[in-house]
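Work through the following exercises with the sequence and the coordinates open. Each task is followed by a solution in steps.

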Amino acid sequence: MSESPPADDDLGDFGPPEYLLYRVAAERHEQDSRETGRTRIHKLCCLADRLLAQEYDREVGLPKYWYKYGRTISEAHLNSAVTYRPNANHFGGQAYYPADQVSESDFDHLSEDLKDDIYNAVQYVVTKHGDKTAEELEEYQYQNFAPDDFVIAYADLRWYLNTISQDEGQHRLSQFVAPDEKTHIEELLDEMLANFDEERYSEIYDIYLDWDDTMRLLVDIGRSPRELHDFTEIFIEGAARIILRFEEHSNIDPETLEDWCEEKEKVRRDLQSRVTQKRKEALSERQSTSALDSVADSYNTAISEELDDL
């Protein structure tokens with residue numbers, strides 16, 4: 001961080017990261033006056049921060065890390081007084097606006113050059129991406145700035161399952177995946193497997209193999225796209241909490257990293273337990289299905305023999 005924060009008894013300290021967050025909320029409000037949710041604000045902040053680093057050679061100290069839905073900011077490490085966050089009217093969660101009690105003059109202690117760079121970077125990002133939905137911003141971030149190909153592969157699987165889950169809810173009575181969907185899901189699982197880095201993800205290697213095998217079992221017995229999607233999200237969140245947020249973070253304080261480290265083993269055990277339980281359910285259902293198929297085959301054979309004797 002290149003600038004010293006001011007001392008403000010009422011609002012607290014504002015530095016370059018707070019100015020970036022304030023400008024994103026302000027630009028979004030000026031763009032169309034519509035509500036902007038947490039995910040969109042976070043993604044736009046990360047895009048502006050990346051642009052500042054790449055095009056302006058600026059490190060503004062934005063606290064950020066990779067999590068379940070991609071790179072996000074840590075608001076716990078920011079002075080949240082720069083935004084006003086009432087409950088949203090048109091979606092779940094909170095809407096973000098620039099705080100009324102904050103103005104540009106509250107950042108006068110920052111150098112004009114720094115403020116100009118942040119202002120211009122945010123304006124460019126919001127103009128280009130501000131009208132995107134949270135899902136579109138997430139997809140843009142994954143496709144362009146994912147940390148590795150395995151992450152891109154699991155994101156592709158999640159988006160596909162989410163898409164066919166929604167189609168199912170709107171247009172179908174069946175709760176099961178169609179044959180062509182099964183084939184594509186298996187192709188996406190193959191893509192994940194081909195891009196799995198055993199060294200980078202060594203802490204979840206065994207869990208991943210169990211998860212992958214369980215997913216294929218669930219697909220084989222025809223579980224619904226929604227169940228497959230939810231089971232995929234469980235794995236993605238676990239991978240983020242055990243591996244990715246440690247590998248992909250910046251400006252997160254040592255105490256927070258220590259807290260993450262302390263909870264990591266519990267997260268790993270919980271993930272293993274949930275995968276194991278789901279695998280037992282899938283195996284049990286497949287065995288039951290096989291037994292019923294065997295009974296049906298015997299019945300059909302007996303009927304055929306009786307017919308032949310007539």
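Cys45 is buried, with a relative accessible area of 0%. The model is a predicted one, and the exercises begin with this residue.

**Exercise 1. Cysteines**

Task: Determine how many disulfides a search of the whole structure finds, and explain why Cys45 and Cys46 do or do not form one.

Solution.
- Step 1: The search over the whole structure returns zero disulfides. Cys45 takes part in none, and its nearest cysteine sulfur, in Cys46, lies 6.9 Å away.
- Step 2: A disulfide requires two cysteine sulfur atoms within 2.5 Å. The sulfur of Cys46 has its closest cysteine sulfur in Cys45, at 6.9 Å, so the two are too far apart for a bond.
- Step 3: The cut-off for buried is under 20% relative accessible area. Cys46, with 5%, is therefore buried, and Cys45, with 0%, is buried as well.

**Exercise 2. The sheet**

Task: Give the strand order of the open sheet and identify its edge strands.

Solution.
- Step 1: The sheet has three strands, in the order S2-S1-S5, with antiparallel pairing.
- Step 2: Strand S2 (70-73) and strand S5 (249-250) each pair on one side only, and these are the edge strands.
- Step 3: Between S1 (residues 64-67) and S2 there are four bridges, in the antiparallel sense. Tyr65 has Thr72 of S2 as its bridge partner.

**Exercise 3. One side of a helix**

Task: For H4, compare its reach with the expected value and locate its buried residues around the axis.

Solution.
- Step 1: Helix H4 (residues 134-145) contains twelve residues; from first C-alpha to last, H4 reaches 16 Å, close to the 16 Å expected at 1.5 Å a residue.
- Step 2: The buried residues in H4 are Ala134, Leu137, Glu138, Gln141, Tyr142 and Phe145.
- Step 3: These residues cover an arc of only 135° around the axis, so they sit on the same side of H4.

**Exercise 4. Arg223 and Ser273**

Task: Is Arg223 buried or exposed, and which side chain does its own side chain contact? How far apart are Ser273 and Ile207 in sequence and in space?

Solution.
- Step 1: Arg223 belongs to the loop between helix H7 (205-220) and helix H8 (225-247). Its relative accessibility is 15%, so Arg223 counts as buried.
- Step 2: The Arg223 side chain is in polar contact with that of Glu285, at 2.4 Å.
- Step 3: Ser273 is part of helix H9 (residues 254-309). With 44% relative accessibility, Ser273 counts as partly exposed.
- Step 4: The C-alpha atoms of Ser273 and Ile207 are 9.4 Å apart in space, while the residues are 66 residues apart in sequence.

Note on methods
Residues numbered from 1 in each chain as written. Predicted model: local features only at pLDDT ≥ 70, side-chain atom pairs only at ≥ 80, totals over all residues. Heavy atoms only, no water. Buried < 20%, exposed > 50% of the residue type's maximum accessible area, 1.4 Å probe, protein only. Pairing = 2+ DSSP bridges. Helix = DSSP H or I, 4+ residues; strand = E, 2+ residues; numbered from the N terminus. Polar contact = N/O pair within 3.5 Å; in protein donor to acceptor, adjacent residues only side chain to side chain. Expected span 1.5 Å × (residues − 1). Arc of directions from axis to C-beta.
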